[in-house]
Structures are given as structure tokens and as C-alpha cells.
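Subject: Structure handover

Hello,

Here is the structure you were expecting. My notes on it follow below.

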Amino acid sequence: MRTSASSFSNSGSASSAARSGSSAGYSGSSAARSGSAISSLGRRSVLAAGAGALAALGTGAFAHAAPPGRRRPAGGRRGPTTVTVTARPAAEPERLRLGQALRGSEFTPTGLYVAPGAPLSLTVEPHHGLVPTLWVGAWDYYGEITQPRSHPLVAGANTVTDPHGGPVYLTLVGRGESASVSFGPGAAAMPVFVLGRSTEAGFQQQLDTRTAVPYVELHAPNTIMTLSREGALLYRNEDHAALLRLVETIVDSHARISGLDGSKPVHRRKAGPYHFTEVTKVPSGVGAYATHGYNGFPRAYLDRATTVEGLRTRGWGLYHELGHLHQQFAYKPGGMTEVTVNIYSLAAQRTLGQPSNLLTVDAATGLNPFRSARGKFGTAGLSYEKSFGAYEKLVPLRQLELAYGDDFWPRLHRLVREENPQSSYTEDAKRYRALATYASRIAGHDLSDFFVHTWAFPIDATGRAELAALNLPRPAVDPSTLED
């Protein structure tokens, strides 16, 4: 699949491009659609759940289904509800701070729904001068209605009418300022499960009584999960607290491998939660995707995204798509978009005690990717981009961890954030050079042989000179000999 993409450099400039590729067990593609929500939609990575596929969320203030300061009417159906929203940095400055390719979510969920064309009355009370923006709708890149709509508000009374309706969210850009929004007629409470606040029995009662609302949400400090009512009912008997704790664990695994330890301001996690949403459709052969602001999962994937056992044991697709929202741009050439993302997928597997996908034996060859790749070393015309399969391409990234410790990738992420090297989407050679030079600096060894000769990465003459100029010793143990 090949579609138009808006590919962002780490300086934030956008250009039109198109890419296609394949990722460890999945086909991947990039696509974009114009729009104003959060910022124009851009590069996305798409996960295909074909035969044989095992088939992606930062802390911040968010409004729960019933947080302190929020009042809901008796029965939770309609009437005055007040949500206090706390300001946080906008998604694009956060993307640039983190050196990432994709923006994260800016949304604060309200737990409310508004019907198409229904007037929604609300009153805004700014506590520090900032006025929030209201958003209505669900993300659905390939659907008929592709994204939520923004509705600017003013202090005092407001009436908003959205033609398509949907879940209601707020954004407030700033640094800890707050505002209260009181929702009057027009707002209906969705069934919402909030980790640490909701009981399973109470949530089941919501599902039984709020039957006119077509959306259901699950909330945790780092998670918004938006589902259709039909999708939520498929797996309603799950332990939703356990499910959300599992999602939070996966988010934590991605933060740890990203070196988001808060040791410096630049190493804080992204502001706000990650947004996982059920989407109405995906192209043929596509299982799930990542783009600016959210991860999209069709109903066919919900058995892995919304069940505890499925997410724990068969959730590579979600780990992978969430990984796209952590990828750093500086060392992500186009040919590795679907490779470096699996640094995070593997980290989630290790966190959950799963066997590595890199140890899966191919039935035809009897070899795992470590061993099948090794058999290609030194062959005529060897090329990292063309000679190795999807999982084989992931092997050298894992070997760097095996050689230099579990903190290899966290240290590399932190160094990239601190130095913030710039490149555009056309500069694949520069990003390949960055991968090799940053890896050598973190390792403290000259990895020229590893990258240039053994694995045949396309490191150009400039990159080879940059590696030599580091004046590092050669490794005592060749990383390419290591395997799990």
C-alpha cells in the first residue's frame, strides 16, 4: 500500500512524501489526511494483521469520570456536570522536546457524549485567565468522519452544536493553569471505567443503563481508550481494572526504554495520556495504525486490545503501534520506520515476561531471526535494507542491548533529546549516520565493523569518517555474535 504522507522533521517542518514498507510480521504504510484537530494529521504507521501475524500511550492531568471537583447529576445521565481541566504543554512542542516523529494526544476526557446536531450548553470559568477548547468526535482516519472537531470557547456561557456528535474532550494549553467547565443540557454521560475509582459492578450497571450513548471509555492516568458500545460489549466481562493496569504497564515499559526518567526537564514523559480508539474501518490487510494523536484499532483487533489475556500474550500489535508514538526521528530513516519501533515492542515483551519474537523459529528454515541473519553475513551484495527480513532487521538493535546492557537504548534516547540533532524527511543518509554514531558513543566502542561491514547498513563516506573521528576502541566482543 502506498499513500500520500506528511512527514515531519524534528524541526517541525512538513513535506509531502509517500512510503511503504513491512514490519516484523506486518505490512506497514504511511498516510495522511488534512485536518485541524491538534494539528494537521501526518505520518502514520499501519500494522497489518495478516496470516501469521501476532496481531501502539506519559503522565499528565486528566479528568476522570468522577474526579474531585467534578459534579454529576443523579443517575449520571443528563444535567449539570462540572469538569476542571489543568493546562499542559501542547502536543507539537512536546514532540519537539522529545525528538519524536509523531505528536501525542492533547485531550482531557470528560466522560460525556453529545448527539449529532444537539445544542450543548456549557459555562466556562477560567481560574488563571486561560480558556479551554472543546472537541467533539472520535478519531477514525479511514472512516466517513475522520477526526474530532474543535469548538473555541469563551469565558461564561457557551452553546455548541456539532453536526456529527461524539465523545467530548477539552484541551487547555499552558503550564498548570486550570479552568472549570460546567456542562448543562445536551451532555450525556458515557459508560466510563476509571482506574482506581470505578468498581466493576458500577461499570456494568452503566453499560446496562446508559444504552442510548454509542461510546464507552476506559480511563487511567496514562490511558484513554475509546470504544464503540458494540465493541465494548463484546468483552464486557473482562476485569477492566486489570486491563487498564496492564495498559499502564505497557506504557511504562515504553517510557523506560525511552529513558523518560525525569532526570532533567527534557526527560519528562510526554504531557497527557495516550489515546487508543476503536475505528470503523482500515484498508484491506491492515490491522491497526498509529498517527498523530492516537492509535487506531478496528473491531477485529479488540480481542487483543481489550482483553487481559489477549493483550498480555498476543498484544504485539498494540505494543508496536504505541511504539510509533515514542520513536525518535533523528535515527529513524524511512527504511527503519517499522524496525526501530520494535525496540519498544521487545521492551514490552520483556516487561510482561513473554518470550521474544526474535526467538520464534521459522518452520521452513528451522532458524530464529538471529541465526537466519547470521547465515547471510559476508555474502556478495549484502544490503541491510534489501537482504534481511523484517525481524532480522531488528536483530542488530537487540544485539546492542545484549552487548552494552539494558540501559543502552535509554541512554541513547536521553543523549538524542539533549543534543536534538536536526534532519528532514529527505535525509535518510543523515539518519543512518546518526544511528551508527550515537550507538558508538553510547557503547564507547567503534562500531564501524558492526554497522558497515557485518550488517551492511548504508553508512556513507561521511558517516564512516564521522565514526573514525570518534577515535573509539574496537569492541572486545563482536556484538553481531550475540543472541538471546
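Helix α1, residues 91-98, is the element that gives the most to the lining of the largest cavity, with four residues. Please keep in mind that this is a predicted model.

Cavity

The volume of the largest cavity is about 100 Å³. It is lined by 17 residues, and those closest to its centre are A91, E94, G104, K270 and A271. By type, the lining is made up of eight nonpolar, three polar and six charged residues.

Salt bridges

The count of salt bridges comes to 24. Three of them are described here.

Helix α1 comes up again with R95 and E92, whose side chains meet in a salt bridge at 2.9 Å, N to O. The two residues are three apart in helix α1, so about one helical turn separates them. In general, an α-helix has 3.6 residues a turn, so residues three or four places apart point the same way. R95 counts as buried, because its relative accessibility is 1% and the cut-off is under 20%. E92 also counts as buried, at 19% relative accessibility.

R414 and D261 form a salt bridge too, with their closest N and O atoms 3.3 Å apart. R414 lies in helix α13 (residues 408-419) and D261 in the loop between α4 (240-257) and β18 (274-279), so this pair ties together parts that are 153 residues apart in sequence. D261 has a relative accessibility of 47% and therefore counts as partly exposed.

The third salt bridge joins E401 and R350, with 3.1 Å between the closest N and O atoms. This pair links distant parts of the chain, since E401 is in helix α12 (residues 390-404) and R350 is in helix α9, 51 residues apart. E401 is buried, with a relative accessible area of 4%, whereas R350 is partly exposed at 34%. Both residues belong to a network of salt bridges that links R350, R398, E401 and D484.

Helices α9 and α7

Helix α9 covers residues 342-351 and also holds S345. The relative accessible area of S345 is 0%, so this serine is buried. What does S345 contact, leaving aside its neighbours within four places in sequence? The residues are W316, Y319 and H320. W316, Y319 and H320 are among the buried residues of α7. Helix α7 (residues 316-324) is mostly covered, with nine of its nine residues buried. Besides those contacted by S345, the buried residues of α7 include G317, L318, E321, L322, G323 and H324.

Aromatic pairs

Searching the whole structure gives 24 aromatic pairs. One of them is Y142 with Y289, an edge-to-face pair with 5.4 Å from centre to centre and 80 degrees between the planes. The pair links distant parts of the chain: Y142 is in the loop between β9 (133-136) and β10 (149-152), and Y289 is in strand β19 (residues 288-291), 147 residues apart. Y142 and Y289 are both buried.

Another pair is F388 with W455, which is tilted, at 4.8 Å centre to centre and 50 degrees between the planes. F388 sits in the loop between α11 (384-387) and α12, and W455 in the loop between α15 (448-454) and α16 (461-469), so that parts of the chain 67 residues apart are linked. F388 counts as buried at 6% relative accessibility, and W455 counts as buried at 0%.

Y142 and Y289 also belong to a cluster, in which ring pairs link F107, W135, W139, Y141, Y142, Y169, Y289 and Y294.

Backbone

Most residues other than glycine have a negative phi. Two asparagines in this model have a positive phi. For N420, phi is near 50 degrees. N420 is placed in the loop between α13 and α14 (428-443) and is partly exposed, with a relative accessible area of 31%. For N471, phi is about 55 degrees. N471 is found in the segment after α16 and counts as exposed, because its relative accessibility is 67% and the cut-off is over 50%.

Regards

Note on methods: Residues are numbered from 1 along each chain as its sequence is written. This is a predicted model: local features need pLDDT of at least 70, side-chain atom pairs count only at pLDDT 80 or more; totals for chains, interfaces and linings use all residues. Side-chain values use heavy atoms; hydrogens and water are left out. On a 1 Å grid over the protein atoms alone, a cavity is a set of points where a 1.4 Å probe fits but cannot get out, and a pocket is an open set with protein on both sides within 12 Å along at least five of seven lines; lining residues have an atom within 4 Å of a point. Grid points are joined across faces, edges and corners, and a volume is the space filled by probe spheres set on the points. Ala, Val, Leu, Ile, Met, Phe, Trp, Tyr, Cys and Pro count as nonpolar, Asp, Glu, Lys and Arg as charged, and the others, Gly among them, as polar. Buried means under 20% relative accessible area, exposed over 50%, partly exposed in between (1.4 Å probe, protein chains only). Contact means heavy atoms within 4.5 Å. A salt bridge is a side-chain nitrogen of Lys or Arg within 4 Å of a carboxyl oxygen of Asp or Glu. Rings of Phe, Tyr and Trp (its six-membered ring) pair if their centres lie within 6.5 Å; planes under 30 degrees apart count as stacked, over 60 as edge-to-face and the rest as tilted.
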